[in-house]
Amino acid sequence: MRILSFLLTFCFCASLTSQGISFFEGSFDEAKELAAKEGKLIFMDSYAKWCGPCKRMARDVFTVEEVGDFFNANFVNLKMDMETEEGRLLNKTYQVAVYPTLFVLDADGEIILREKGYRDARGLLQVGRKALLPSESEMLDMADQFESGEYDVLFLVDYLQALQWTGKEGQSNVMAKLAESVSSSDMQLEKVQQAFLGYSPLASGYYPTHILKDYQNVFIDQVGKEKFEETVLSILKGLWQGATKEEYGRFMTPEDFDTYYDVFKSINNKRYKREVYLWKMAFSEAFGDWDGYLKAANTYFKSKAGKTDAEALMNASWSLYHSDPIYDNQVLAWTNRVMESSANQSAPYFLQAYLFMRQANYEKADEVMQRCMAFLTEDSPEYKDASIINTILDTQLSR
């Protein structure tokens, strides 16, 4: 069965060049050797120099960042002028009569897909995805190979990405075996790196986080420090989001949380200190653990970063307001802090007004709204909402 290469489903890690398609500059035979080595397919643009649509694709389509991200991640890309000596020899095999003709080939040069004519960026992406989509029989073959103990790293990468692309179950088992089987030399392959960086644990509730720590220098060399950090954060967020699903609870409990997120300490300890309690707040909120939420929130808001984080204060205030009235005093304390630090922000005033109205303390709600109206004008986006609240309060207070 031919080696498959599949689209990485989470684009936060697919962008490795961000400059459009990177075309291999060697010969056709060298491109086949590279494809075999990297376990990729070959995308070949068969063109002629005089061809207008070919020139437009080169100028307007191959240079699109999204197109480049996709094709660079999944193919060895080759441009072939079919009127050169090498091109004429290849044409005896591939019989190109229309320009451009786009091919997807395996590492032996066998045709997987042939598409004739110009494609815009969206159309070209469809061509690539069509070539990568596994058939049902291929999926069954891969499943049989895995069950029979086929744990070659490139096979596991292909199978994992096939499961992601088709949305089938078993992703966590394959990922676990891949993490167990991969070696330092395997991790030098871009395709293997992408398998780990491109995998989202949201659908399975599992990720071997030690890989991110053990091979962080390899990943940073490939995608850069900033992008690697953002990818790790996305993976960790996917972990706890997946863990909120009842069927995945076995993979993460609140007790596991620190162990998973400690991975980020070795990557960026300073940022970890700034954000870890925001993560704990989100995790606790997802599980309805409001005591844990409150503990994490108060720790964060006492920190250097948290003392001036008005946005996080407001988000936390809204979360507690909607959770249970027993937290009303905490909501008032936090919104008062926002009022003190952001005098012209209407959000804390609105929230306090809602809170007092819920308590039927309309005089206090009216007092808050009068303070709010002092810095609103008729042109303010919040003015209409404030007017509606004031009308409701006028009605209540006139009774």
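Q: In which sense do strands β2 and β3 pair, and over how many bridges?
A: Strands of a sheet pair through backbone hydrogen bonds, in either a parallel or an antiparallel sense. In this predicted model, β2 (residues 41-47) and β3 (residues 75-81) are parallel, with 7 bridges between them. To locate the register, look at aspartate 45, which stands opposite lysine 79 in β3.

Q: Which helix packs on the sheet, and which strands does this helix touch?
A: Helix α5 (residues 121-132) does, touching β2, β3, β4 (101-105) and β5. Its direction makes about 160° with that of β5.

Q: How do β4 and β5 run, parallel or antiparallel?
A: They run antiparallel, joined by 5 bridges. For the register here, take leucine 102: its bridge partner in β5 is glutamate 115. The two strands form a hairpin with 5 residues between them. Within that hairpin, glycine 109 takes a positive phi near 85°.

Q: What is the strand order of the whole sheet?
A: Read across, the order is β1-β3-β2-β4-β5. The sheet is open, has 5 strands and shows mixed pairing. At its edges are β1 (23-24) and β5 (111-116), each paired on one side only. When you follow a strand, keep one general point in mind: side chains in a regular strand alternate between the two faces of the sheet.

Q: How many helices and strands does the protein chain have?
A: The chain has 20 helices and 5 strands.

Q: Why is the protein chain called more spread out than a compact globule?
A: Compare its radius of gyration with the globule rule. The rule gives 21 Å for 399 residues, but the chain has 28 Å, well over that value, so it is more spread out than a compact globule. The box filled by the C-alpha atoms, taken along the principal axes, is roughly 90 × 50 × 35 Å.

Q: How much space lies in the largest pocket, and which residues are closest to its centre?
A: The space is about 440 Å³. The lining has 26 residues, and Lys237, Trp240, Gln241, Trp279 and Ala282 are the closest to the centre.

Q: Which helices supply at least two residues each to that lining?
A: These are α12 (225-243), α14 (269-287) and α16 (310-323). Helix α12 gives the most, with 8 residues.

Q: How do the residues of this lining divide into nonpolar, polar and charged?
A: The lining of the largest pocket has 16 nonpolar, 6 polar and 4 charged residues.

Note on methods
Residues are numbered from 1 along each chain as its sequence is written. This is a predicted model: local features need pLDDT of at least 70, side-chain atom pairs count only at pLDDT 80 or more; totals for chains, interfaces and linings use all residues. Side-chain values use heavy atoms; hydrogens and water are left out. On a 1 Å grid over the protein atoms alone, a cavity is a set of points where a 1.4 Å probe fits but cannot get out, and a pocket is an open set with protein on both sides within 12 Å along at least five of seven lines; lining residues have an atom within 4 Å of a point. Grid points are joined across faces, edges and corners, and a volume is the space filled by probe spheres set on the points. Helices (H or I, at least four residues) and strands (E, at least two) are DSSP runs, numbered from the N terminus. Ala, Val, Leu, Ile, Met, Phe, Trp, Tyr, Cys and Pro count as nonpolar, Asp, Glu, Lys and Arg as charged, and the others, Gly among them, as polar. Two strands pair if DSSP finds at least two bridges between them. Contact means heavy atoms within 4.5 Å. Axes are lines fitted to C-alpha atoms, for helices over the stretch in contact, and angles run from 0 to 180 degrees between N-to-C directions. The radius of gyration is taken over C-alpha atoms; the globule rule is 2.2 Å times the number of residues to the power 0.38.
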